[in-house]
Protein chains: 2
Amino acid sequence: MARQRPARPMRADARRNYDKILSTARIVFTERGTDASLDEIARRAGVGPGTLYRHFPTREALVDALMQDWTDRVSADADAAIATDLPAREMLSDWFEHFIEHITLHRGAASKIAAAMDDPASPMYRKCQVMADANRRVIDHLEARGELRPSVDPVNVMRLVSGVATVADSSCTDLDVTPMLDVVVDGIVAD
Amino acid sequence: MARQRPARPMRADARRNYDKILSTARIVFTERGTDASLDEIARRAGVGPGTLYRHFPTREALVDALMQDWTDRVSADADAAIATDLPAREMLSDWFEHFIEHITLHRGAASKIAAAMDDPASPMYRKCQVMADANRRVIDHLEARGELRPSVDPVNVMRLVSGVATVADSSCTDLDVTPMLDVVVDGIVAD
DNA sequence: ACCTGAACACCGTTCAAGT
DNA sequence: ACCTGAACACCGTTCAAGT
């Protein structure tokens, strides 16, 4: 496995700008979604556009940096769901809803995550894998308990739930995901 | 119900430009997806940007105009699926796959359709309803045959399948939708 | 009634000049 | 090593002038 390189410490002003950009991006993405103007982020962060570009060469790189917090929480949510030892239906519903809640935190994020999941070239790929692993743990656990249909593929479950998130996210109405998730859950658990 | 207004005939040059823009859009959308530059479409159609804008005030209006063909075909596909009288699983799989094939004809279209489905303000709303009706016919038919789980909502099925289409469409790899559809089908048909 | 194309505002991206 | 901000290319949108 490739090791994480030890990330040479940044110069003080660089570090300050980096953090300022990130916190500003969080605000602007919350206001306008992940397709908000990068120019506006730079302006409100008080840096030149070139500075933003130096730290985050692509929009995805910026989204990726913001995702750091979630992946940890998503991972924790999966383990918490497993720990409850609830029946399969309840466990899956809880897990799926938590997952969707996280990846729809900023408008437009869900579709970017769904796309990055199958794109190793994406800056977000690694974090998608962390989330996919979290999902796999839940599925594997229920699989071991014999409560799932044969040949349920965790990766496809992940894609399907991401699809639900994307639909809910891009809908202008505040869509309730529960009915859609119920169908997915019914399609996964054994009769 | 609101009547279709009888659409006064266009001036000859307007008609010609309208058609030329549409056929060019079809080509450009095929090449670059539904987020392609409108400027390029106007240029290649040999009209000024203002002309494109006059006929199609928004990108969605242009996509909507291109969708005309599909909605008919999608509707026909639904009735054809019903006519086969296959078992529920096969009928649903066939119908879903045909539906997805159509709405992913141009990259980016699936997500626009999924979004328009719950947005009466969208120019594409009516055509989405035609497709939703087609889906409802299939579901209702199987419902009447007693082969579905109780309380399967056609609208949610539609959203779910659109979600699958969106995921497949935005994935850079040529994703096979069958495994995801299998889960959905299992979640719909009675045990 | 419809078209043209210049004009404008906005945005992502690059890069030479600075510290 | 990092930042700045001007410059560029591109795009959607508008509108005055033309037929």
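I'll walk you through how chains A and B touch each other and how they meet DNA strand C in this predicted model.

Quick housekeeping: residues count from 1 along each chain as its sequence is written, and chains are lettered from A with ligands numbered from 1 in the order in which they are written. Local features need pLDDT of at least 70, side-chain atom pairs count only at pLDDT 80 or more, totals for chains, interfaces and linings use all residues, and side-chain values use heavy atoms, with hydrogens and water left out.

Okay, the protein contact (heavy atoms within 4.5 Å). Chain A puts in 27 residues and chain B puts in 27 residues. Together they bury about 2200 Å², 70% of it on carbon and sulfur atoms; that's accessible area, with a 1.4 Å probe, lost on being put together and summed over both parts. On chain A, L160(A), V167(A) and V183(A) supply 23% of the area buried against chain B, more than any other three residues.

There are also 2 salt bridges between the chains, meaning a Lys or Arg side-chain nitrogen within 4 Å of an Asp or Glu carboxyl oxygen. One of them pairs R149(A) with D186(B), at 3.7 Å, N to O.

Now, the DNA. Strand C is surrounded by 20 residues, where near means a heavy atom within 4 Å. Among the closest are Y53(A) and R11(B). Of the strand C atoms that come within 4 Å of the protein, sugar and phosphate account for 76%.

So which atom of G48(B) sits 3.1 Å from a phosphate oxygen of strand C? A polar backbone atom. R54(B) uses a side-chain N or O atom instead, 3.3 Å from a phosphate oxygen.

Conventions:
Buried area is the accessible area (1.4 Å probe) that two parts lose on being put together, summed over both. A polar contact is a pair of N or O atoms within 3.5 Å; within protein, one must be able to donate a hydrogen and the other to accept it, and residues adjacent in sequence count only if both atoms are side-chain atoms.
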